[in-house]
Amino acid sequence: MLHHTDRLFRMTIENISVEATIERVKAQIAEEKELSPALKSSLEVLLLLMTLLVNRLGLNSKNSSKPPSMDPNREKHPKRQSTRKPGGQQGRTGTTLQPVSDPDEIKVLPVDRSTLPRGRYQEVGHEVRQVIDLDISRVVTEYRAQILKDQQGNRYVALFPEGVTRPVQYGNGVKVNSVYMSQYQLIPYNRIEDHFLEQLQIPVSGGSIFNFNQEAYGRLEYFDQWVRVQLAASGMLHVDETGINVGGKRNWLHSASNAEWTCFFPHAKRGTEAMDAMGVLPMFHGILCHDHWKPYFTYGVSHALCNAHHLRELESAFEQDKQQWAVKMSDLLKEINKAVLDAGGVLPTAESKHFRKRYRRLLAEAENECPAPKEIQQRRIRGRVPRSKARNLLERLRDYENDVLRFMDEPDVPFSNNQAENDIRMTKVQQKISGCFRSWDGALIFCRIRSYLSTCRKQGITATEALLLLFEGKWPEFMSFSSPIT
């Protein structure tokens, strides 16, 4: 049985403390003088592996990138009892149904006079109640092109509207609804087929749904190029990447975004080869916010590291390695963030210098608690001596001080890389629902359409409005200077 107590991680199995047992065995091995060097080394390796496995079991959503849903033994705290009354609070803007001025249908309800006392009555008005309901129905428009014939037998046929090219075809409403459910709501194809057939009496096959997605993908070719130019020209950019399954093989989805634009891009690689192919970062000359993935340092003029990642790693350093400095550093970063928010997004120079001194002093004290291993040059051993995770974190916070604390002095730099993580979250949802992309075309379609829909949402345009404009051959207003869709 696993027990998690406060911030200090301990593990017990049938009332036996794993941590204490490992420490006791280590002491016994050190005291045993008759063990051969080979056996002693083997036992030390086994204990190291055991420690690593125990530490891995101690990872959770608070001290690593593991999502809360993957915490099998997380503590669930009951909700606090609120002192507020149920319902909307004072000052809140409600969403109560409001009557409409032009109802679609009016039903007059006469009084049953047989229930009234005998006498003469005069109508003086009426009491109104409205029922707002939904009528899902199929709409079929039949175009009849007039045919004229002259005295010589020549026939002249009226022109059909643009886009009406077949005897029977789907309209834009069907396409918008299909792409919305498939690419925005992430509903599987077979359930979309059921929706159209049962709710609308329209037979739509999985092949047609894919064709609608493919048409949207083709129409968005110009947007795909346009949004990359906008992102590359921006002053602040958030980047991230996540693994995706394409046809049973591991690939990567890359994200570049800010508060206005979003671009997703799938690639077989995770590093600079994929970033170059995406075509955003090679042209970018601003501040790049990321989670310290080393290839990102190839791009941008300066960098801002995600402090949400640092807080999780500091939590892990304290829980698993008992590093007291990690708690102090975590508290300091949170204190700085609160001060920045209270100051309106950027600290005065004097206050910034004060926090920077405290930051450096704390890391200097941490050197005593978490010292670097001695760099002893040994034969047949290359490279530097391996560090613990806590030591690696300490050195990163020390060596990348400006990138960690940039949010203090730059008004556009946030405390974390949450913008990128929020933008890329729906990709993870898609992978949970579908398990994978069946083909590379499916991954490309998803990335381009989601880039467009995410950008439109940031510009105040709903997904339905954005798709309707797309299939009507128009760009949203924020792209009104762009050429029409062909």
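This talk goes through the strands β7 to β10, the cavity beside them, the nonpolar cores and two residues with unusual backbone angles.

Before I start, please keep in mind that this is a predicted model, in which local features need pLDDT of at least 70 and side-chain atom pairs count only at pLDDT 80 or more, while totals for chains, interfaces and linings use all residues. Residues are numbered from 1 along each chain as its sequence is written, and side-chain values use heavy atoms, with hydrogens and water left out.

Let me begin with the strands. Helices and strands here are DSSP runs numbered from the N terminus, a helix being H or I over at least four residues and a strand being E over at least two, and two strands are said to pair if DSSP finds at least two bridges between them. Strand β7, residues 236-246, pairs with β8 in the antiparallel sense over nine bridges. Within that pairing, Thr242 has Leu253 of β8 as its bridge partner, and Gly243 is partnered by Trp252, also in β8. The hairpin of β7 and β8 has two residues between the strands, and Gly247 there takes a positive phi near 60°.

Going on from β8, we come to strand β9, residues 262-267, which pairs with β8 in the antiparallel sense over six bridges. A hairpin of four residues makes the connection from β8 to β9, and the bridge partner of Ser257 in β9 is Thr262. The partnership of β7 with β10 is parallel, with three bridges joining the two strands, and here Leu237 is matched with Leu288 of β10.

How enclosed are these strands? I call a residue buried under 20% relative accessible area, exposed over 50% and partly exposed in between, using a 1.4 Å probe and protein chains only. Nine of the eleven residues of β7 are buried, so the rest of the structure largely encloses that strand. For β8, residues 249-257, seven of the nine residues are buried, and therefore this strand too is largely enclosed by the rest of the structure.

That brings me to the cavity. The search runs on a 1 Å grid over the protein atoms alone, and a cavity is a set of points where a 1.4 Å probe fits but cannot get out, with lining residues having an atom within 4 Å of a point; grid points are joined across faces, edges and corners, and the volume is the space filled by probe spheres set on the points. Over the whole structure, one cavity of 30 Å³ or more is found, and the volume of the largest cavity is about 40 Å³. Its lining consists of Val239, Asp240, His254, Ser255, Ala256, Met275, Met278, Leu281 and Tyr296. The elements giving two or more residues to this lining are β7, β8 and α7, residues 272-278, and the largest share, three residues, comes from β8.

One lining residue deserves a closer look, namely Met278, which is found in helix α7 and is buried, with a relative accessible area of 4%. Taking contact to mean heavy atoms within 4.5 Å, and not counting residues up to four places away in sequence, Met278 touches Arg228, His254, Ser255, Ala256, Cys263, Phe264 and Phe265. Met278 and Arg228 are 50 residues apart in sequence, yet 8.4 Å apart in space from C-alpha to C-alpha.

Next, the cores. A nonpolar core is a set of buried Ala, Val, Leu, Ile, Met, Phe, Trp, Tyr and Cys residues joined through side-chain atoms within 4.5 Å. The largest one holds 46 residues, of which Phe223, Leu231, Leu237, Leu281, Leu288, Tyr452 and Leu453 touch the most other members. Apart from it lies another core of 35 residues, including Cys289, Ala317, Phe318 and Leu394.

Finally, two backbone angles. Most residues other than glycine have a negative phi. Gln201, however, has a positive phi of about 55° although it is not a glycine; Gln201 sits in the loop between α4 (189-200) and α5 (206-219), and counts as partly exposed at 44% relative accessibility. His292, likewise not a glycine, has a positive phi near 75°; His292 lies in the loop between β10 (287-290) and β11 (302-305), and counts as buried at 13% relative accessibility.

How values were computed:
1 Å grid on protein atoms, 1.4 Å probe; cavity = no way out; pocket = protein on both sides within 12 Å on 5 of 7 lines; lining within 4 Å.
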